[in-house]
Amino acid sequence: MGTDIRDVFGSEQQYATLGEIVDAARAALDDDVLEFLDGGAGDELTLRRNREAFARWSFRPRVLSGRPVPSTATTFLGIPLSLPVLTAPFAGERMLHPEGHLAVARADAAEGVATIVPELGSFALEDVAAAAPDAARIGQLHPMGPPDNFVAMLRRLERAGYHAVCVTLDATAVGWRERSLRNRFNPGLGVFSGNYPPGGEFTLADVVGQLVTRDRPTWEWGQLAELMTETTLPWIAKGIVTGEDAERAATAGASAVLVSNHGGRQLDGVPGALEQLPEVVAALGGQLQVGLDGGVRRGSDVVTAVALGADVVVVGRLAAYGLAAAGEPGVRRVLQLLRDEIHTVLTLLGRGGIDELDRTALQ
């Protein structure tokens with residue numbers, strides 16, 4: 001039998017487009033939670049610039065290229081991926097769905113991508129590992145709080161079978177998020193304390209109390225580099241937006257960097273993440289792998305980022321919308337739609353796979 005046209009256009013699917021998933025998530029969430037998810041810092045200039053940066057680039061397709069059916073597969077830090085995508089470590093995810101990152105990790109495992117598990121998530125990193133034992137897992141840590149706790153968390157990640165560490169560098173203070181301030185949004189610490197339950201050796205107050213005080217200890221690159229010698233896991237420096245900091249990350253022993261402005265949720269007025277990607281790639285000169293985090297909303301964005309030098313992209317809000325819309329199946333559908341669109345764009349560009357993308361695909 002031939003292909004049913006309904007299969008091609010997805011009319012039999014509950015969600016045929018990413019936009020439908022976003023709409024379903026918006027309908028499911030309370031207004032204050034939705035604004036927490038959607039919002040950015042300050043006037044949200046950086047939030048908008050993350051998206052606007054993609055619109056500045058156009059594709060240069062090659063017709064009749066004779067290329068084979070394109071592959072979306074790649075690797076990152078030695079982790080095989082079915083498409084060049086990681087899901088972001090969005091915190092407090094139980095506000096979006098009762099299963100939070102348990103569902104995200106299961107969805108990622110099923111679709112062949114890697115999960116960055118949040119330090120300030122709703123579930124302990126060990127519980128996420130148990131929920132999806134076959135998932136490629138990267139554990140997030142913040143360079144804040146007691147150094148002893150940082151090392152203890154490294155040990156926990158090792159024991160739980162995590163493949164790498166993602167050190168988030170751009171959250172040393174809480175961003176000035178006016179939507180949440182206006183809403184007097186206060187979800188309670190419970191949704192952020194999966195790794196720091198009351199009565200534990202380290203509590204959430206021990207770790208993040210410094211974010212709202214003026215006498216917090218100062219971390220610097222040398223201290224982070226020294227602490228990361230406590231583990232053999234490769235680590236990612238997340239929150240890099242300049243070539244100078246990319247070089248510092250390389251010197252400190254990072255295996256990869258994520259070009260990220262925290263989704264526009266921290267410091268407003270910085271450039272869009274995609275704007276800074278070429279600078280970081282040039283500064284590193286192939287020393288480290290590079291990821292792009294910020295503003296990715298569809299498969300064509302993934303292709304643009306890879307053509308500009310990214311090895312992978314990180315999807316945060318998209319994965320969060322999928323979780324809010326339908327839990328694990330919602331996240332899976334986000335990844336399926338991204339893969340399908342990436343495949344389509346590669347085909348129309350005349351490229352045989354992700355590994356054939358470079359600047360000649362863009363203008």
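Here are some questions and answers about how the parts of this predicted model get their labels.

Q: Why is H262 called buried?
A: Buried means under 20% relative accessible area. H262 has 18%, so it counts as buried.

Q: Where does H262 sit, and what does H262 touch?
A: You'll find H262 in the loop between strand 8 (256-260) and helix 12 (273-284). Leaving out residues up to four places away in sequence, H262 touches T168, D170, A171, R177 and K238.

Q: What makes helix 7 oblique to helix 10?
A: Helix 7 and helix 10 (residues 221-228) pack at an angle of about 40°. Angles under 35 degrees would count as roughly parallel, and roughly perpendicular starts at 65. About 40° fits neither, so helix 7 is oblique to helix 10.

Q: What else describes how helix 7 and helix 10 pack?
A: Their axes are 10 Å apart, and the crossing is right-handed. On the helix 7 side, P147, F150, V151 and L154 meet Q223, L224, L227 and M228 in helix 10.

Q: How does helix 7 run relative to strand 5?
A: Helix 7 (residues 147-159) lies across strand 5 (136-141) and strand 6, and it runs at about 175° to strand 5. Anything over 145 degrees counts as roughly antiparallel, so that word fits helix 7 and strand 5.

Q: How do you know that strand 6 and strand 7 pair?
A: Two strands pair if there are at least two bridges between them. Strand 6 (residues 164-168) and strand 7 (residues 235-240) have 4 bridges, so they pair, and in the parallel sense. Look for V165, which stands opposite W235 in strand 7.

Q: In what order do the strands close into a barrel?
A: The 8 strands go 3-4-5-6-7-8-9-10, with parallel pairing. Neighbouring strands of this sheet are turned by 25° against each other on average, direction ignored.

Q: Which residues have the most contacts inside the largest nonpolar core?
A: That core has 104 residues, and the ones with the most contacts inside it are L96, F150, V165, W235, V257, L292 and L357. Helix 14 (residues 317-349) gives the most to this core, with 16 residues. There's also a second, separate core of 17 residues, including I79, L81, A136 and A256.

Q: What is L357 in contact with?
A: Setting aside its neighbours within four places in sequence, L357 is in contact with V303, V306, A307, L346, L349 and R351.

Conventions. Residues numbered from 1 in each chain as written. Predicted model: local features only at pLDDT ≥ 70, side-chain atom pairs only at ≥ 80, totals over all residues. Heavy atoms only, no water. Helix = DSSP H or I, 4+ residues; strand = E, 2+ residues; numbered from the N terminus. Axes fitted to C-alpha atoms, helices over the stretch in contact; angles between N-to-C directions. Contact = heavy atoms within 4.5 Å. Core = buried A, V, L, I, M, F, W, Y, C linked by side-chain atoms within 4.5 Å. Buried < 20%, exposed > 50% of the residue type's maximum accessible area, 1.4 Å probe, protein only. Parallel < 35°, antiparallel > 145°, perpendicular 65-115°, else oblique. Left-handed = near helix turned anticlockwise from the far one by under 90°.
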